[in-house]
Amino acid sequence: MSPLPILFIHGFPLDRTMWRHQIAAPALSPWKCIAPDLRGFGALSARAPSNGWSMAGYADDLIQVLDSLKIREAVVCGLSMGGYILFELLRRHSSRVRAAILCNTKAAADSPDAKRDRDAMAALAQRAGATAVAVQLLPKLLARATLAAEPQVAAEVREIIQRAPVPGIVGALHALRDRADSTPLLGSIRVPVLVVAGDDDQIAPAAGMEEMARAIPHARFVCIPKAGHLTPFEQPNATNMVLADFVAGLR
Ligand code: MLT
C-alpha cells in the first residue's frame, strides 16, 4: 500500500512557502507532502473566483488539486485559515479526509467586532498595500520569543505577507469574515484528529484549542513551547516530530 499523502493548507495572508520546513523535513519524508497555494496567493495570485470568495470555494479548489494528482484520500493539515478550510472539507468532502491536523486554529465564527476588523483590514490593504498589512499582523503572528530572538524568521514572514497580492488578501478577508461557525461540527468528526497549539499564540490561544480538542471525539492535543500563531514555521523540528508520530500511528 502506498503511504498516505499529507495535504498542507496555509494560513492568511501567507502562501505555500510557510510549509517549507515540513516539505523538506526528513521526519516527514515517508509521506508525499503537498502544499498548494490557495487561490489569490502565490502562484495562484491571478485567480479570482467567479462566485465570490469563501472557505467552501477554497475547499473545492483543494479537491481539484487532489483529483489532478489522483489522490483519493489524504491526511489534511490546516493552519488557522487552513483549519477553517479543513472544517469545510470535513463538511463537504469528508470521504477525502483520512485524518485531520488542526494547527493554530479555532472553530468559532467571527464576532461582530472581528467582522468589522476584517473590513478595516481590507480597506487598509486597498489603501496602503500588503506592507501595511504585514506591519499590523506580524506582532500578532509570532511568539514573543520568536520576535525577540529570531529576526530572520520575522523577516521571512514579513516578506511572505508583503508579496501577497491585494486582491487575494481582500478576498480572503471576506471569506474569513463570512465563514460558518464550525463548533457544531466538532462532535461529529469521526476521523483521527491532532490539534497542535503554540503556547504563545495570540490569535488562537492554546487554552481555546485544548477546549476545541476536548469537543472532538478522540482528538489528541499537543501544545508546542516557544511558538506563536505560526507554530510549524517557528518551531519546525518539534512540530515535525509530532506530525510524524501522528501520521505514523494511522492505520
Ligand atoms: C490565519 O493565520 O490564517 C489568520 O490568523 C486567520 C484569522 O485571522 O482568523
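## Exercises: salt bridges, a ligand shell and two backbone oddities

Counting Lys or Arg side-chain nitrogens within 4 Å of a carboxyl oxygen of Asp or Glu gives 14 salt bridges. Keep in mind that this is a predicted model.

**Exercise 1.** Work out which parts of the chain the salt bridge between R163 and D15 ties together.

*Solution.* Start with the distance: the closest N and O atoms of R163 and D15 are 3.1 Å apart, and the cut-off is 4 Å, so the pair goes on the list. Next, place the two residues. R163 sits in the loop that runs between helix 7 (151-162) and helix 8 (166-177), while D15 belongs to the loop between strand 1 (6-9) and helix 1 (20-23). The pair therefore links parts that are 148 residues apart in sequence. As background, side chains of opposite charge can pair when their charged atoms come close.

**Exercise 2.** Describe the ligand's surroundings, going from the shell to the polar contacts to the buried area.

*Solution.* First, list the shell: G11, F12, S80, M81, Y84, R118, I203 and H229 surround the ligand. Sort these residues by type and you get four nonpolar, three polar and one charged. Now check the ligand's oxygen atoms against a cut-off of 3.5 Å:

- Y84 has a side-chain N or O atom 2.6 Å from a ligand oxygen.
- F12 uses a backbone N or O atom, at 2.7 Å from a ligand oxygen.
- H229 brings a polar side-chain atom to 2.9 Å from a ligand oxygen.

Then turn to area: on its own the ligand exposes 260 Å², and the protein buries 94% of that. Finally, the pocket: the ligand takes up the space of the largest one.

**Exercise 3.** Where do P13 and K70 lie, and what does the backbone do there?

*Solution.* Take P13, in the loop between strand 1 and helix 1. The F12 to P13 peptide bond is cis, with omega near -10 degrees. Move on to K70, in the loop between helix 2 (55-68) and strand 3 (74-79). Phi of K70 is near 60 degrees, a positive value in a residue that isn't glycine.

Conventions:
Residues numbered from 1 in each chain as written. Predicted model: local features only at pLDDT ≥ 70, side-chain atom pairs only at ≥ 80, totals over all residues. Heavy atoms only, no water. Near = heavy atom within 4 Å. Polar contact = N/O pair within 3.5 Å; in protein donor to acceptor, adjacent residues only side chain to side chain. Areas by Shrake-Rupley, 256 points an atom, 1.4 Å probe, with all protein chains shown as cover. 1 Å grid on protein atoms, 1.4 Å probe; cavity = no way out; pocket = protein on both sides within 12 Å on 5 of 7 lines; lining within 4 Å. Sits in = over half its atoms within 2 Å of the grid points. Nonpolar A, V, L, I, M, F, W, Y, C, P; charged D, E, K, R; others polar. Helix = DSSP H or I, 4+ residues; strand = E, 2+ residues; numbered from the N terminus.
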